[in-house]
Amino acid sequence: MRQEYTFEDCPVGIETEPIEEVLSRETVLWYAHALDTPNDDWYRYGSPLGEPIVPPAVLRTVGMGMRTIRISAPGGNVNAGTAVEYKKPVKVGTKISARGKLTEKYEKRGKYYTVWEFTVRDEGGDEVMVIRHLQCALPAGQKVQYR
Amino acid sequence: MTTGVANIADIEVGFELPSLSWPMSLGHMRLFSGWPGLNKYGHDEVNQHTSVEVAKRLGRPAPIVAGPQMFACLEEMLVNFFGMDWFTGGKLDTHYVGVLLAGDTITTGAKVIEKVQEGDKTRLEMEVWGENQRQAKVVVGFASITK
């Protein structure tokens, strides 16, 4: 399913494969372990909505179908930034759908940036999250900043 | 436990949200960046966030915490303070400016920098950040909530 492109060849406007996923209790519990958050009760047992809700990180991670398109990078890819608009909570067990596209790409100081925008919807078609993600493809030998 | 009792209208410029800290272990990183359910979308659960070998091959000092995992720490701080209001009126926009390794701790913070009345709604603008145990910033950005 994954398509691989060089930075030069990846066309602005290309869309990711559509994602449809049921955010099951098992999936949410997996991420609840990962998040280890004080909001854990809302994700495991119950929220003010009366039922457990999906952590926003799960909506982002699953909804960003950008993994279906990979930019080849000798130094690997790193996440450079993320912006999210939160529109609606999602109950555990909801089926979400998501689609995204490459909206911009540019080179800056020898690194290659791609901007992706995704919209995540619930099974009623309502927008639950809008995501803009900045990915950076590194050249060979580029170090990351560890302070 | 989620507090989520903030009354946005009562919060003034200069207010700092309660900060939260997360020790990052390789186990947590492997959970966050290694969910096998993403494999069908082209994701490789063996990657620079979960594997010592892959990280070394890419020139990283060790497996690095994924940017979205750091973002999740900011999200959870904001959910913890604003509660369900965050899911319908929140926005978060960040850049990753450093890396975390297993064994590091991230401490998140937010400070209100502007308060705007928009009709019958109030919008708070915040500066947000995450720093490691050496007080070096690893993620910075802005957030807002409108109610």
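Q: How many residues does each chain give to the contact?
A: Chain A gives 42 residues and chain B gives 46 residues; two residues are in contact if their C-beta atoms, placed from the backbone, lie within 7 Å. This is a predicted model, in which local features need pLDDT of at least 70, side-chain atom pairs count only at pLDDT 80 or more, and totals for chains, interfaces and linings use all residues. Residues are numbered from 1 along each chain as its sequence is written, while chains are lettered from A and ligands numbered from 1 in the order in which they are written.

Q: Which elements of chain A give two or more residues to that side?
A: They are helix H1 (25-35), helix H2 (40-44), helix H3 (56-63) and strand E4 (77-86) of chain A. Helices (H or I, at least four residues) and strands (E, at least two) are DSSP runs, numbered from the N terminus. E4(A) gives the most, with 8 residues.

Q: And by class?
A: The side of chain A that touches chain B has 17 nonpolar, 14 polar and 11 charged residues. Ala, Val, Leu, Ile, Met, Phe, Trp, Tyr, Cys and Pro count as nonpolar, Asp, Glu, Lys and Arg as charged, and the others, Gly among them, as polar.

Q: Which strand of chain B is joined to E4(A)?
A: Strand E2 (residues 90-96) of chain B is joined to E4(A) by 5 bridges, and the two run antiparallel. Two strands pair if DSSP finds at least two bridges between them. A:Glu85 has B:Lys91 as its bridge partner, and A:Gly81 has B:His95.

Q: What does E4(A) pair with inside chain A?
A: E4(A) pairs with strand E7 (residues 127-137) of chain A in the antiparallel sense, over 9 bridges. A:Ala137 in E7(A) is the bridge partner of A:Asn77.

Q: Why is E4(A) largely enclosed?
A: Because 7 of the 10 residues of E4(A) are buried, the strand is largely enclosed by the rest of the structure. A residue is buried if 20 or more other C-beta atoms lie within 10 Å of its own, exposed if 12 or fewer, and partly exposed in between.

Q: What is the order of strands in the sheet?
A: The open sheet has 10 strands in the order E2(A)-E5(A)-E6(A)-E7(A)-E4(A)-E2(B)-E5(B)-E4(B)-E3(B)-E1(B), with antiparallel pairing. Strand E2 (19-22) of chain A and strand E1 (20-23) of chain B stand at the edges, each with a single partner strand, so one side of each is left without a neighbour in the sheet.

Q: Any hairpins in chain B?
A: E3(B) and E4(B) form one with 2 residues between them, and B:Gly119 in the turn has a positive phi of about 65°. In the hairpin of E4(B) and E5(B), 5 residues lie between the strands, and B:Gln135 takes a positive phi near 60°.

Q: Turning to helices, how do the axes of H3(A) and H3(B) cross?
A: The axes of H3(A) and helix H3 (residues 67-82) of chain B come within 9 Å and cross at roughly 150°. Axes are lines fitted to C-alpha atoms, for helices over the stretch in contact, and angles run from 0 to 180 degrees between N-to-C directions. That crossing makes H3(A) roughly antiparallel to H3(B), a label for angles over 145 degrees.

Q: Which residues meet there?
A: A:Pro56, A:Ala57, A:Arg60 and A:Thr61 in H3(A) meet B:Pro68, B:Ala72 and B:Glu75 in H3(B). These residues divide into 4 nonpolar, 1 polar and 2 charged.

Notes: Angles under 35 degrees count as roughly parallel, over 145 as roughly antiparallel, 65 to 115 as roughly perpendicular and the rest as oblique.
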